[in-house]
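Biologist: Please put the model on the screen, and let us go through it together by question and answer.

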Amino acid sequence: MPAASGTPPIAVVILAAGQGRRMNSLLPKVLQPLAGKPLLGHVLDCARQLFPAAIHVVHGHGGEAVKAAFGNDGDIDWVLQAEQRGTGHALMQAMPRIPDAHRVLVLYGDVPLVAVETLRRLVAAGGAEGLALLTAEVAEPHGYGRMMRDSGGRVVSIVEERDASDAQRAIREINTGLLAAPAAHLREWLLHLRADNAQREYYLTDVVGLAVERGIDVEAVAATSEAEIMGVNDKCQLADAEAALRHARARDLMIAGATLADPTRVDVRGDLSVGRDVYIDVNVVLLGRITLGDRVTIGPNCILRDATIGADTQVYANSLIEEAMVGEDCRVGPFARLRPGANLHPRVHVGNFVEVKNTEIGEASKANHLSYLGDATIGRGVNVGAGTITCNYDGINKWPTQIGDRAFIGSGSMLVAPVAIGPGATIGAGSTITAGAPADKLTLTRAKQVTIDAWTRPGRYAAEAKAAKVEDAMCAPGRPKPEN
Ligand code: UD1
Ligand code: CA
């Protein structure tokens, strides 16, 4: 969607060159993960919703790693700030790339939660010529620049924490750092910045005083919430931002109609879409793209990544579902693992300690206990007995298994792939099937059962058995001999 006619094109500049010393981490600050996505990724995704003419990212510290992390994003213009000499200096590096007619929107790589609606208000504020600053009243202003207003209430400057007097530090209206201004004005103001402050840096915030001197309108736009303007400088603030995001996403889910057992104990780290009357129990982590159909229930301690779950399906406790499709009215878990390529048709049951990988399971088929199903195509109405394993790997290659409709696989069977089990076939328990099994017949492999009459248990066991007069036919070959 292009900008409406009459409004200037937007050039977004994201300042992301700082070291983030306070993180005490080898990972550059803007790559620190928030809800599974780098801080900078959050800012970029928000900026893109404005459909700007360009997105310039000023990088410097850890620059190659930062660029590599977003290597596939062709819409980013990377601007190098070789030496980090302050936020004003950072913006100066990007200005040669921006035409005079653009309105510049400055975002910070370490202010990740800002809402796109707030940015729209910021860009629109101050008219065509003015400087608009995003500000907030906060309970704990420590660390932020403070807004200075004159007796008429007009903004006149911003004073950084380190340069502030005690009286100034008591002010609770703070600068979020985000601002919008015409490129032509910014270009001129930036020429006049001086590094005569406590940090010996070129402060972007000093453009406020310059705008006031030149009689340009300076407008303070109030943020909607404290959370959206949070600056993330250390691991404590990172955890605060994570909690704020968790809270916001849990609210979105509830507003969409989902019932959450405890909104503080669900983590949505991706894009989630939910149907009606979905129920999500505690300690559920949802990653990537997830779709939950109507009336889906997710039990406690489940992890889902890139999954689609059909209506009325129940996922029981402690299940892990990744890159998988689950149809309608299925039962999954407890303790089930659906790996990439698992595709469950409607009314399938996959029970405890069952692992499914790259396998399609037809309608109403069941694998309820202790199985590995890999690279298999399973028909409808199949019963896979407990302990069945598709032996799909010969050490080098993966081989497919096919199981026809209505087949019954007895417990403890090994299906050595490549192998095909015909429709309606029955496999006797404990079979190792290497040559396939015809339709509608019983196929089994079985070693002959023997009982050795002349055998007695060695050593102490034999004595104990005798004393108790227990005639126990159970064999125990290979038991370790007692010490004496
Ligand atoms: C800045 C603001 C402060 C505001 C606060 C809000 C200035 C002088 N101060 O302080 O008024 O309250 O943000 O969070 O602007 N960066 C560069 N190159 C540099 C320096 C910084 O790209 O040379 C980037 C950083 O990577 C970061 C952002 O600019 O994303 C802010 O820098 P930071 O050092 O965190 O500024 P604050 O001290 O938080
Ligand atoms: Ca900061």
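Modeller: Gladly, with some ground rules to begin: accessible areas come from the Shrake-Rupley method with a 1.4 Å probe, and for residues only the protein chains shown count as cover. This is a predicted model, where local features need pLDDT of at least 70 and side-chain atom pairs count only at pLDDT 80 or more, while totals for chains, interfaces and linings use all residues. Side-chain values use heavy atoms, leaving out hydrogens and water; residues are numbered from 1 along each chain as its sequence is written, and chains are lettered from A and ligands numbered from 1 in the order in which they are written.

Biologist: What share of the exposed area of the chain do carbon and sulfur atoms supply?

Modeller: The area the chain exposes is about 23,700 Å². Of this, carbon and sulfur atoms supply 52%.

Biologist: What radius of gyration does the chain have, next to that of a compact globule?

Modeller: The radius is taken over C-alpha atoms, and the globule rule is 2.2 Å times the number of residues to the power 0.38. The C-alpha trace spans about 105 × 60 × 40 Å along its principal axes. A compact globule of 484 residues would come near 23 Å, but the chain has 32 Å.

Biologist: How many helices and strands does the chain have?

Modeller: Helices (H or I, at least four residues) and strands (E, at least two) are DSSP runs, numbered from the N terminus. On that basis, the chain comes to 9 helices and 35 strands.

Biologist: Which residues are the protein donors of the calcium ion, ligand 2?

Modeller: Donors are N, O and S atoms within 2.8 Å of the metal, or 3.2 Å for Na, K and Ca; water is not among the atoms, so sites may look incomplete. Here two side chains give oxygen atoms lying 2.5 Å from the ion, OD from one and OD1 from the other. They belong to D110 and N233.

Biologist: How many residues apart in sequence are the parts that D110 and N233 tie together?

Modeller: D110 lies in the loop between β6 (103-108) and α4 (116-124), and N233 in the loop between β11 (218-222) and α8 (235-255). Both are buried (under 20% relative accessible area; exposed is over 50% and partly exposed in between, with a 1.4 Å probe and protein chains only), with D110 at 13% and N233 at 15%. The pair therefore joins parts whose separation in sequence is 123 residues.

Biologist: Which residues touch the most other members of the largest nonpolar core?

Modeller: A nonpolar core is a set of buried Ala, Val, Leu, Ile, Met, Phe, Trp, Tyr and Cys residues joined through side-chain atoms within 4.5 Å. This one has 71 residues, and its largest share, 7 residues, comes from strand β1 (residues 10-16). Apart from it lies another core of 49 residues, among them L253, I298, A342 and V354. In the core of 71, the residues touching the most other members are L40, L105 and L131.

Biologist: Why is helix α1 largely enclosed, and which of its residues are buried?

Modeller: Helix α1 (residues 39-48) is largely enclosed by the rest of the structure because 8 of its 10 residues are buried. Those residues are L39, L40, G41, H42, V43, L44, C46 and A47.

Biologist: What covers the buried residues of α3?

Modeller: In α3 (residues 87-94), the buried residues are G88, H89, A90, L91 and A94. Their cover includes β1, β4 (54-59), β5 (76-80), β6 and α6 (183-191).

Biologist: Which residue has its backbone nitrogen 3.1 Å from a polar atom of the side chain of S365?

Modeller: S365 sits in the loop between β24 (360-361) and β25 (366-374) and, at 1% relative accessibility, counts as buried. Contact means heavy atoms within 4.5 Å, and residues that S365 touches include R347, H349 and I378. The backbone nitrogen in question belongs to G381.

Biologist: What is the phi of R347, which is not a glycine?

Modeller: Most residues other than glycine have a negative phi, and most peptide bonds are trans. R347 is in the loop between β22 (343-344) and β23 (349-357) and counts as partly exposed at 42% relative accessibility. Its phi is positive, at about 60°.

Biologist: Is the peptide bond from G333 to P334 cis or trans?

Modeller: P334 lies in the loop between β20 (331-332) and β21 (337-338). With omega near 0°, the bond from G333 to P334 is cis.

Definitions and conventions
A polar contact is a pair of N or O atoms within 3.5 Å; within protein, one must be able to donate a hydrogen and the other to accept it, and residues adjacent in sequence count only if both atoms are side-chain atoms. Lists of a residue's contacts leave out its neighbours within four places in sequence.
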